[in-house]
Amino acid sequence: MHNKITRFPLIMLAGLAVIYVSACSPRIATRGNAPEPEQLEQITVGESTKGDVTDILGSPSTIAAFDQNVWLYISKTTETVAFFEPETVQQKVVLISFDAGNRVEILSQYDLEDGKPVIPTDRVTPTAGREMTILQQLFGNLGRFSETK
């Protein structure tokens with residue numbers, strides 16, 4: 001009898017744990033414009049123009065800042081489980097570069113493995129002046145005002 005009483009809460013706890021874990025299915029989010037391989041096969045290096053590329057793939061995700069002849073089609077798939085940070089599962093970048101005659105010069109594809117991590121620096125840009133506390137800022141101007149004549 002004593003065994004049944006202690007076993008019941010353990011079975012209930014195990015059942016609740018199974019329900020809790022099964023409820024945490026990942027959320028998958030896909031963002032960006034990912035061209036299909038069949039679409040990319042329609043683009044011919046040296047022959048296809050900007051208009052052809054736009055008709056086949058649509059407008060690019062972004063155009064390079066310093067060269068209007070470099071188009072990028074970027075897509076990213078992330079997976080989020082419960083309250084954890086999203087994890088990038090898949091990332092694709094299609095780079096299309098055009099020559100002076102607006103014909104495709106370069107067509108290349110990059111995956112998540114081709115990317116390089118960017119590590120931000122913790123340096124601070126120095127500014128002119130001195131640092132003041134909030135009280136120094138509030139009371140610093142007391143007595144500085146004079147009557148204009």
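This passage describes the fold, the nonpolar core and selected local contacts of a predicted model.

Residues are numbered from 1 along each chain as its sequence is written. Because the model is predicted, local features need pLDDT of at least 70, side-chain atom pairs count only at pLDDT 80 or more, totals for chains, interfaces and linings use all residues, and side-chain values use heavy atoms, with hydrogens and water left out.

The chain contains 4 helices and 5 strands. Helices (H or I, at least four residues) and strands (E, at least two) are DSSP runs, numbered from the N terminus. Read from the N terminus, the order of elements is α-β-α-α-β-β-β-β-α. Of the 149 residues, 16% count as buried. Buried means under 20% relative accessible area, exposed over 50%, and partly exposed in between (1.4 Å probe, protein chains only). The accessible surface of the chain comes to about 12,500 Å². Carbon and sulfur atoms hold 58% of that surface. Areas come from the Shrake-Rupley method with a 1.4 Å probe; for residues, only the protein chains shown count as cover. Among contacts in the chain with a separation of 6 or more, 45% link residues 24 or more positions apart. A contact requires heavy atoms within 4.5 Å.

Helix H3 spans residues 50-57. Its buried residues are Lys50, Val53, Ile56 and Leu57. Seen down the helix axis, they fall within an arc of 130°, so they line one face of H3. The arc is that of the directions from the helix axis to the C-beta atoms. This buried set packs against helix H2 (37-41) and three strands: S3 (70-80), S4 (87-98) and S5 (104-111). Just after H3, Gly58 takes a positive phi of about 90°.

The largest nonpolar core has 11 residues. Such a core is a set of buried Ala, Val, Leu, Ile, Met, Phe, Trp, Tyr and Cys residues joined through side-chain atoms within 4.5 Å. Its members are Leu40, Ile43, Val53, Ile56, Leu57, Trp71, Tyr73, Val94, Ile96, Phe98 and Val104. H3, S3 and S4 each supply at least two of them. One core member, Tyr73, has a long contact list when residues up to four places away in sequence are not counted. Its partners include Val53, Leu57 and Gly58, as well as Lys92, Val94 and Ile96.

A search of the whole structure finds 1 aromatic pair. The rings of Trp71 and Phe98 have centres 4.9 Å apart and planes at 70°, so the pair is edge-to-face. Rings of Phe, Tyr and Trp (its six-membered ring) pair if their centres lie within 6.5 Å; planes under 30 degrees apart count as stacked, over 60 as edge-to-face and the rest as tilted. Trp71 lies in strand S3 and Phe98 in strand S4, so the pair ties together parts that are 27 residues apart in sequence. Both residues are buried.

Strand S1 (residues 27-32) contrasts with this interior. Of its 6 residues, 0 are buried, so S1 lies largely in the open. S1 and S3 run antiparallel and are joined by 6 bridges. Two strands pair if DSSP finds at least two bridges between them. Thr30 has Thr77 of S3 as its bridge partner.

Two residues of strand S4 were examined. Lys92 lies in S4 and is partly exposed, with a relative accessible area of 35%. Beyond neighbours within four places in sequence, Lys92 is in contact with Tyr73, Ile74, Ser75, Tyr110 and Asp111. Its C-alpha atom is separated by 9.3 Å from that of Gly32, 60 residues apart along the chain. Ser97, also placed in S4, is buried at 9%. With the neighbours within four places set aside, Ser97 is in contact with Asn69, Val70, Arg103, Val104, Glu105 and Ile106.

Two loop residues complete the account. Glu47 sits in the loop between H2 and H3. At 54% relative accessibility, Glu47 counts as exposed. Apart from neighbours within four places in sequence, Glu47 is in contact with Asp52 and Arg103. Glu47 and Glu105 are 58 residues apart in sequence and 8.8 Å apart in space, C-alpha to C-alpha. Asn102 lies in the loop between S4 and S5. Asn102 has a positive phi, near 60°, in a residue other than glycine. Most residues other than glycine have a negative phi. At 34% relative accessibility, Asn102 counts as partly exposed.
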